[in-house]
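Subject: Handover of a structure and findings

Dear colleague,

Please find below the structure that I am handing over to you. My findings follow it, arranged by topic.

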Amino acid sequence: MSRVALVQPPVWGIYDPPTALAQLSSCLKAAGHEVLVCDLNIELYRRRLPAYRDAWAIERSSFWTRLDDVRALLESHRDAVEEALSRLAAFRPDLVGLSVNTCSWPAARELARRLKERLPQARLAAGGPLFCVPSDPAPLRDAGVDFVVRGEGEKAFVELAGGRTVPEAGLPPLMDLDALPFLDLEAFPLDLYDPPGHMGRHISLMTSRGCVQQCVFCGPRAYWDGFRTMSGRRIYDEVRHHAAHRPDLEAIEFLDLLFNGRLETLREFCGLMAEAPPAPGLRWHANLVVRPDMDEALYRAMRAAGCRHVTFGIESGSQRVLGLMRKRYRIADADAALARAHGAGIAVTCNFMFGFPGETEADFQQTLAFLERNARRLDTAYPSRSYCTIEPHSYLAGHLDEFGVIPSPAHGQYWRSRDGSNTYPERLRRCEEFSRRARELGIHVGEGLQTSVEKDKWLSLGDYHESCGEREEAARCLRRYLECAPEDEAVRGRLAALNPS
Ligand code: B12
Ligand code: SF4
């Protein structure tokens with residue numbers, strides 16, 4: 001038996017415990033190991049200084065990729081970091097695992113260095129989304145990490161904890177997700193998490209890996225090959241388990257990329273939930289893809305099982321653009337899916353993108369027509385606040401020429417089309433027009449941001465113009481940003497450096 005510590009460096013979500021750590025913790029405990037979990041991300045968020053008030057907002061993730069800025073943040077939160085390190089040292093772990101993603105590697109690197117100093121006898125491992133795709137492990141290895149675990153961690157990390165080795169390339173993915181133990185949520189101090197009011201007392205579960213579609217713009221799809229799901233019975237049993245441990249549980253948030261990849265699973269889950277509800281009034285939300293083979297009866301079964309809200313990735317109202325995206329449904333199927341969900345009493349959110357490569361003004365008008373046609377069935381329209389990003393590891397990112405895209409070295413959202421007609425400001429314009437039209441139609445417009453639309457707009461436009469070398473315009477946008485966020489010293493400094501006339 002080993003003593004194993006699991007650490008979540010910032011940045012990660014603040015609404016609920018990190019699923020990966022909760023899953024790894026339960027696997028380690030099932031194998032007989034003693035586990036200490038340290039969600040340093042939430043501990044720092046809770047104690048963040050005013051200068052870092054917005055740093056955890058999802059639209060500010062790029063802040064966390066700048067090593068110097070992250071070092072400064074850790075330094076100014078020295079007490080909280082030291083407290084966590086002392087707790088870890090007192091546990092005397094044989095093995096420490098850090099969960100790392102694109103936006104947490106600088107913090108993970110700093111922590112690895114300090115952990116190695118404090119715990120020279122412990123072996124240090126890093127795994128996580130960053131290592132589910134090709135990436136350079138050198139920055140972490142240089143900081144003292146002994147093992148980098150590629151791909152899924154459930155089997156591999158338990159092997160390491162047992163003193164065995166795992167191949168450099170990682171182990172094959174788990175095919176039977178039903179074999180996973182339930183998430184260990186008890187290891188987390190739940191009162192530190194900060195769910196938005198509408199979520200209520202909830203837990204988040206991830207019951208599948210991958211997706212049945214292959215949209216060309218999709219980044220997350222690349223992290224899991226193919227599609228695997230737990231059975232409906234297994235999902236139901238896990239919901240029942242958590243409901244029994246938290247009598248005040250109000251809601252389940254399914255984080256799956258899609259919850260209807262396999263309809264037999266969905267039917268089985270809904271049947272069990274309706275037959276023996278795990279808690280009175282327990283409601284749930286899930287992401288769905290448009291499937292013409294989902295009839296009214298299935299949406300009614302979902303409602304009877306507690307489903308009160310679904311999100312569809314519609315993205316465009318133009319059949320031609322859906323074709324370019326390699327979405328696999330007809331626009332009429334989307335109309336029908338919305339009507340069926342709404343008819344069953346389930347609130348509907350739809351996600352939209354703007355300016356996908358090849359989208360013309362006429363295509364955009366068809367997205368507006370989709371809104372108009374479906375206004376009565378659509379509770380929330382959720383316009384992507386990056387409009388159309390070139391996501392790393394997506395098919396699009398690997399085939400820019402095919403799509404006529406000229407990338408920006410500054411950020412995946414600032415690309416332009418080869419003919420110059422599709423630019424970041426043009427995509428923003430379409431998004432603003434879309435949001436205005438949705439409001440006129442009485443549809444709620446989801447902000448999708450944790451700061452504000454106005455702030456994000458001027459800051460991003462400032463970044464965009466700066467990256468194009470348009471200093472005057474960049475300065476004008478940053479000044480507009482500072483009108484909304486006068487306390488932001490870092491941006492004030494950037495404005496001074498632009499030195500506009
Ligand atoms: C749900 C989700 C979220 C939720 C997290 C909720 C929660 N409670 O965990 C929220 C919405 C908060 C979130 C936020 C972010 N996310 Co996110 N998220 C996802 C999503 C859809 C699923 C993640 C998940 O729970 N998977 C299930 C668990 C079990 O899998 P896992 O996390 O990958 O962990 C496995 C392995 O990685 C490994 N592992 C993980 N940790 C460790 C540690 C050790 C020691 C070992 C050995 C192994 C190991 O083992 C685990 C089990 O097999 C993925 C997409 C995807 N396909 O995975 C993106 C994804 C992980 N997110 C991503 C990113 C970048 C973010 C953000 C950092 C920034 C952003 N721009 O979105 C933000 C955080 C910023 C912020 N301020 O909030 C990227 C990561 C890219 C990368 N290469 O690192 C992904 C892949 C999406 C993408 N863009 O492609 N996310
Ligand atoms: S965008 Fe959604 S439906 Fe398309 S591949 Fe990605 S997860 Fe699947």
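Two strands are taken to pair if DSSP finds at least two bridges between them. The model is a predicted one, and the strand pairings below are to be read with that in mind. As an example of such a pairing, V310 stands opposite V348 in β12. The strands concerned are β11 (residues 307-315) and β12 (residues 347-352), which run parallel and are joined by six bridges.

Domains

The protein chain falls into domain 1 (3-172) and domain 2 (198-448). A distance of 30 Å separates the C-alpha centres of domain 1 and domain 2. Where the two meet, seven residues of domain 1 are in contact with nine residues of domain 2. The side of domain 1 that touches domain 2 comprises four nonpolar, one polar and two charged residues.

The sheet of seven strands

Seven strands make up an open sheet with parallel pairing, in the order β6-β9-β10-β11-β12-β13-β16. Its edge strands, β6 (202-205) and β16 (444-445), each pair on one side only.

Starting from the β6 edge, β6 pairs with strand β9 (residues 251-254) in the parallel sense over four bridges. Here S204 stands opposite E253 in β9. Strand β9 in turn pairs with strand β10 (residues 283-288), again in the parallel sense, over three bridges. E253 also has a counterpart in β10, where it stands opposite H285.

Further along the order, β12 and β13 run parallel and are joined by four bridges. C350 stands opposite A381 in β13. The side chains along β13 alternate: A381 and P383 point to one face and are buried, whereas T380 and Y382 point to the other and are not. Such alternation between the two faces of the sheet is what a regular strand shows in general.

The loop after β13

P392 is placed in the loop between β13 (380-383) and α14 (395-398). Is P392 buried, exposed or partly exposed? It counts as partly exposed because it has 13 C-beta neighbours inside 10 Å, whereas a buried residue would need 20 or more and an exposed one 12 or fewer. Leaving aside residues up to four places away in sequence, P392 touches G219, A397 and G412. Of these, G412 is 20 residues from P392 in sequence, and the C-alpha to C-alpha distance between P392 and G412 is 7.9 Å.

The sheet of five strands

A second open sheet is formed by five strands in the order β2-β1-β3-β4-β5, and its pairing is parallel. The edge strands in this case are β2 (34-38) and β5 (147-148), each of which pairs on one side only. Between β3 and β4 there are five bridges, in the parallel sense. The bridge partner of L95 in β4 is R123.

The nonpolar core

The largest nonpolar core contains 134 residues, and those with the most contacts inside it are V96, A108, A112, A125, L140 and V145. At least three residues of this core come from each of domain 1 (3-172) and domain 2 (198-448). Taking A108 as an example, and not counting residues up to four places away in sequence, its contacts are P9, L98, V100, A126 and L140.

The ligands

Where does ligand 1 lie with respect to domain 1 and domain 2? Both domain 1 (3-172) and domain 2 (198-448) give residues to the shell around ligand 1, so this ligand lies between them. There are 37 residues around ligand 1, of which G13, G97, N101, G127 and G153 come nearest. The elements that supply two or more residues to this shell are α1 (19-30), β3 (95-99), β4 (123-127) and α7 (154-161). By class, the shell around ligand 1 holds 21 nonpolar, 13 polar and three charged residues.

Around ligand 2 are C211, Q213, Q214, C215, C218, P220, R221, L257, L258, V289 and G313. This shell has seven nonpolar, three polar and one charged residues.

With kind regards

Technical notes. Residues are numbered from 1 along each chain as its sequence is written. Chains are lettered from A and ligands numbered from 1 in the order in which they are written. This is a predicted model: local features need pLDDT of at least 70, side-chain atom pairs count only at pLDDT 80 or more; totals for chains, interfaces and linings use all residues. A residue is near a molecule or strand if its C-beta atom, placed from the backbone, lies within 6 Å of it. Ala, Val, Leu, Ile, Met, Phe, Trp, Tyr, Cys and Pro count as nonpolar, Asp, Glu, Lys and Arg as charged, and the others, Gly among them, as polar. Domain bounds come from an automatic or database domain assignment. A nonpolar core is a set of buried Ala, Val, Leu, Ile, Met, Phe, Trp, Tyr and Cys residues joined through C-beta atoms within 7 Å.
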